[in-house]
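Trainee: Got a minute to walk through a model with me? I'd like to go contact by contact.
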Amino acid sequence: MSMITHSSRRDWLRNTACGFGALAFHDLVRAAQSPLAVQTPRFPAKAKRVIFLFMAGGPSQPDLFDPKDYIKRMHGQKVSAPINTNELRVGTDKFLALATHGEVRPRGQSGTMISDLMPHTASIADEICLLRAMHADNNQHAPAALQFHTGSTTDVRPSMGSWISYGLGTENQNLPSFISIHPDSDVRLYGSGFLPAAHQGTRVIVPQDDKQSPIDYLKDTSANPAAQRQRIDFVQRMNRRLLQQAEVDGRMEGMIESMEIAFRMQTATPELVDISNESEATKELYGVGNKDCDKNARACLLARRLSEAGVRFVQVTMGGWDHHGDIRTALPKSCAGTDQPCAGLIKDLKSRGLLDDTLVVWSGEFGRTPWSQDLSGTSPIEKHGREHQPESFCSWMAGGGIKPGISFGETDEFGFRPVSGKVHLHDLHATILHQLGLDHEKLTWRHLGRDFRLTDVYGNVVKEILA
Amino acid sequence: MKRTFQSLVAASLLLSPARAEDGLAFFEDKVLPLLQQRCYECHSHEKKIKGGLALDLKSGWQTGGDNGPAIIPGDLTKSHLIKAVRYTDPEMEMPPKAKMPAGEIELLEKWVAMGAPDSRVAKTGDKQARTIDIEAGKKFWAFQPVHDAQAPAVKDASWALDPVDRFILAKLEGVGLKPAAEADRHTWLRRVSLDLTGLPPSPQDIERFTADTSPNAYEKVVDRLLQSKAFGERWARHWLDLTGYADQIGTSNDVFAEHAWRYRDYVITAFNTDKPFDRFIREQIAGDLLPAATPQERAANLIATGFLVLGDVEIVAVDKLKMEVDLVDQQVTKVGTAFLGMTLGCVRCHDHKFDPIAQTDYYAMAGMFRSTDSTHKTDNGVWSCVNKTELPETVEQKVEREKRLTTNDSKINDLKAELEASEKEKAVLDVKIKTANKHSKPPIVKRLQELTPRIKVLQKDIQHSEFFAPAVPKAFAVHDREQPTDMRITIRGNPYALGDMVKRGVMRVASWGELPPIPERESGRVQLADWIADARHPLTARVTVNRIWQKLFGEGLVRTVDYFGVRGEAPSHPELLDHLAMRFVRGGWSQKQLIRSLVLSRAYRMSSAHDALAMQRDPDNRLLWRMNRQRLDAEAIRDAMLAISGKLTLSQGGPALPLEFPENAVNLAPKAVNPPAILFKKHRPVHDYERTVYLPVIRSAGQPGSAKLRDVFDFAQPANFTGKRAETAVPTQALFLINSDMLRSRATELAKDLCESTPNAGARLEALWLRVLNRPITSTERDEANQFIHSLTAESAWIELSHALLSSNEFLLRL
């Protein structure tokens, strides 16, 4: 059984019957049948919201969190890893060990291993739970990213933000429940699949200048604002007359209402994404103005603002981690672009007392191989990169009832296969839902005769990391 | 079952009575605590029975889970349980979170080696394995033969224009409801025009129809619409929704599917020529194996098999065997959804949980696609590509192509000549600049600044012209393998864990006899297609007429249009569904004929007006007491706006992707690590004015250019196979309507056209309403519109008013 009645937007609008043109969005949301109405979690929740920091491309865990002495010793030489021989290898067929770039050292009281390339993350070592034996199923970006977001490598399924919105509704009636900042171009990563579209992610761009619009079609294209309002009034009069003739039509009511919301969004959205009235200290904490990381700093700061305002699931995507070649030059840049914004977010949440009930997840769609990749076949080892590796990689979580300052899971001497504390991303999904008070086996939606779940038929809550 | 029995015998043979007691003591002391501690959380009746395996009973591991018995007593290498705890197979590592300590693994090994003595006896309430009973399954309505249903008697016989109406009316009369009155002619004309062509009627169409007092006025309209090319352009898109069609292969790296458009055009032509649906089925599943009378027919047959490969094929998979069986799964699933309304994908890993479909049914069909070649490995890194087949050409086509080839060759020669000259000049200048002085240097620098980028452009242009040189036309298509074979069950879809071999065949629950033998050296796709396209098939015709009904009436008679299984919804009018299915088959599987009858029925003429009593008794309108209102789909919204503003440009079809612009094509070098791909740097201007069906479809990103509207208005995700799109009302859509450039452009064009064609402002208002809403303006609206116009400046007033109408609910809905 599903925990929530399956009612589409159309159904609940129909149920609210007689015209409510004068009612505002928040009244609608409060209506019991609204898909976005606040839902009571299944059991007491540790977290109320999630911020997902998605490192698109696959950050290199051997360089950042999981160095191996064996690989260091064997640097430049062939290693014989227990690889899957059914797979084609391009540029990695020599299996040359590639030593960790820079130093990875124990940090803080916890001694969590973090690279020198991430000094800011090192400074929050005691706040995070490092998952060192993450595991996923596909080694190509598109299917792997899809699986990370939806649980499936192929089908078009609802993304985790949509499932969470469906499970918990929204706490801020004037904002969407799921916002994705700077999302990947693949719309499936923030789509609601077969869930009602009210749960789909809203794509937001943090404007770098006046010309950029935070969301699509926000800028008025008419002669002047007054003309636009007049036009909308004219249309809405027609719309309401049509509705009157129809007497009952939930769809029409929904369309009328969305036009009013859209109109209000034109002023509300720029205000919301405007970070200018944040204090200088806060901006500095994230690295706003620092040319290496300004864009991500603004995005992370916005994520905090949205979370604070009640958005259930906020995602920030930070790309550029796909280091197939010359990883030693490229990796420090990716770190510099993300380290301070991510760590700043944790510190900021903590100082505001928000970290306790905000679950932050940092991860790529997979990790990278401990052996090198050289697509040219002729570069010296120092110029090599690393291939994708879903067999094991590292992610971290913070806040939201997760044990701080621990490392969980171990990999073999290569850093290839988990040997303990293996966390499949279905397990990660189950754990995220669990912290929100949702049972991943009971949060279901009937589609084509079957009850679908975020975790499909898999997933175990990782109890070892719960505080 | 047989295997379980054997293992029981083996176990009893292994243990002599004396040693058995020691064995049981060992089990209870050492093994049982281990099982409880390590396994019960996921494999016991108290907690969960994952993968169908319970380890809290002896019978649990004997029967085993989805992989068969978990333990073969005495045989360590064949016991899945030992394999799993040893962590030798990455696909099956148990316990999943961490390997057990070596000592514990040794205990289990010892236990299995001694024959796995187990003192636990079966409890009552032990979970019975579910077996699929095909004969019992056949009793479900959807698997019953289609029944030749006679139209029932009705009280108000004059209401019925077609037998369809009697089925509808009888049900309504049965519950004391009245059908809605007829819609006025304006409403009906707009409805039927949008439903059949995706375009609104023109003012001339409206005038002609409303003035036509002849008894066949309605027929004339319908025949005109069915004969227009626009009919196929709309209905082809409905079909494409079921195929996962995109102009992109897979989802990674924007790999272009440069021949996919041929399949799209094939589908448009199929609808426009009213290709019998049984023929349409055969061509798409087995066109390559069908005889053809002409080269054109042969080409069409080959192109049709694109159906099997134009979904989301993940060609970048590094495990090619897995990639191939994944594609087989997609093909079985697609055939199941599109033609049969069955969720066959579920049966890849286990018998269907709800429907009478066994794993053997799945692998019987999968074997046919496993015997079919769909992809091949390319020279690009780890990549594969969907197979392409050369198409036969007519003599004229060949002559014309060779002419284009000559032109292309001379273009390449010119480019090469220029490149050579430029490179020479640059080489000279590169030397010269080293010794140049203050005065002679600037002109050299300037010239080099021109030359360097020009050389790059030339290189790119040459590569592009060579890559896209006119060649024998090709289509994405399949062909049979040289050695077609039956397929073995893959356990949990893992191609390296094989179960029993399954003879190629079809779904038994929907069969009426033995499948004709599959000729040697053939895949069996012909036999599969013949079975699906057979008049006796219980699903094909029902599923197809229900899809057509849904497009015209807003909801299917079976609302779960893609799923006719046990958990689907029962038909609201089962006799009507059968009547239509029977009529469809008897009418030679003609879709146009069926559509024609339906839109000429009284039921289709009903207004969508409210009725308090009916609303109370049947709020979902399942009995069809009125017409369902529908929101236009993305294509109809965009196309109607283009038609209304007078900007719609007719298209002859052809390549969807703007690959003619060199800047849009990357990775053209042979053997590059990544395959050729498209970037949408430059748009083909005519795309802004062509019907939406002709615009490129991208699977993994937002839709390019003016196709972007698809993302806003519920376009079917082109990795899915879906007969019914979601229909949502979200603020994003309203923002698009309020502020998008597209709306603004259409409104501006419409206003300009109106102002030029109709100088009189009063007449202009009439014209505007007729064009956008396809009905006369009311007096209230006239007053409001006049007020609105006077409150704005002259140049913007008509644009704003046009914009208003184009964003109105009445325009976005068809009533």
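Trainee: How many residues does each chain bring to the contact?
Mentor: Chain B gives 62 residues and chain A gives 60, where two residues touch if their C-beta atoms, placed from the backbone, lie within 7 Å. Keep in mind that this is a predicted model, with local features needing pLDDT of at least 70, side-chain atom pairs counting only at pLDDT 80 or more, and totals for chains, interfaces and linings using all residues. Residues are numbered from 1 along each chain as its sequence is written, while chains are lettered from A and ligands numbered from 1 in the order in which they are written.

Trainee: Which helix supplies the largest share of the side of chain B that touches chain A?
Mentor: That's α27(B), with seven residues. Helices here are DSSP runs of H or I with at least four residues, strands are E runs with at least two, and both are numbered from the N terminus.

Trainee: And how does that side split by class?
Mentor: The side of chain B that touches chain A has 25 nonpolar, 21 polar and 16 charged residues. Ala, Val, Leu, Ile, Met, Phe, Trp, Tyr, Cys and Pro count as nonpolar, Asp, Glu, Lys and Arg as charged, and the others, Gly among them, as polar.

Trainee: Switching to chain A: where does α12(A) bend?
Mentor: At T338(A), by about 30°, taking the angle between axes fitted to the seven residues ending there and the seven starting there. A proline, P341(A), follows within four residues.

Trainee: What span should α12(A) have, and what does the model give?
Mentor: Its 25 residues, 327-351, should span 36 Å at 1.5 Å a residue, the rule being 1.5 Å times one less than the number of residues. The end C-alpha atoms are 35 Å apart, which agrees. Just after α12(A), G353(A) has a positive phi of about 75°.

Trainee: How do α11(A) and α12(A) cross?
Mentor: At roughly 20°, with axes coming within 8 Å; axes are lines fitted to C-alpha atoms, for helices over the stretch in contact, and angles run from 0 to 180 degrees between N-to-C directions. The two helices are therefore roughly parallel, since that label covers angles under 35 degrees, with over 145 roughly antiparallel, 65 to 115 roughly perpendicular and the rest oblique. Among the residues that meet are C300(A) in α11(A) and both T338(A) and P341(A) in α12(A).

Trainee: What about α8(B) and α9(B), at what angle do they cross?
Mentor: Helices α8(B) (185-197) and α9(B) (203-211) cross at roughly 130°, their axes within 10 Å. That makes α8(B) oblique to α9(B). R185(B), H186(B) and L189(B) of α8(B) make the contact with D205(B), I206(B), F209(B) and T210(B) of α9(B).

Trainee: Last one: which residues does the cis peptide bond join?
Mentor: M94(B) and P95(B), with omega about -10°. P95(B) is in the loop between α4 (80-86) and α5 (102-113) of chain B.
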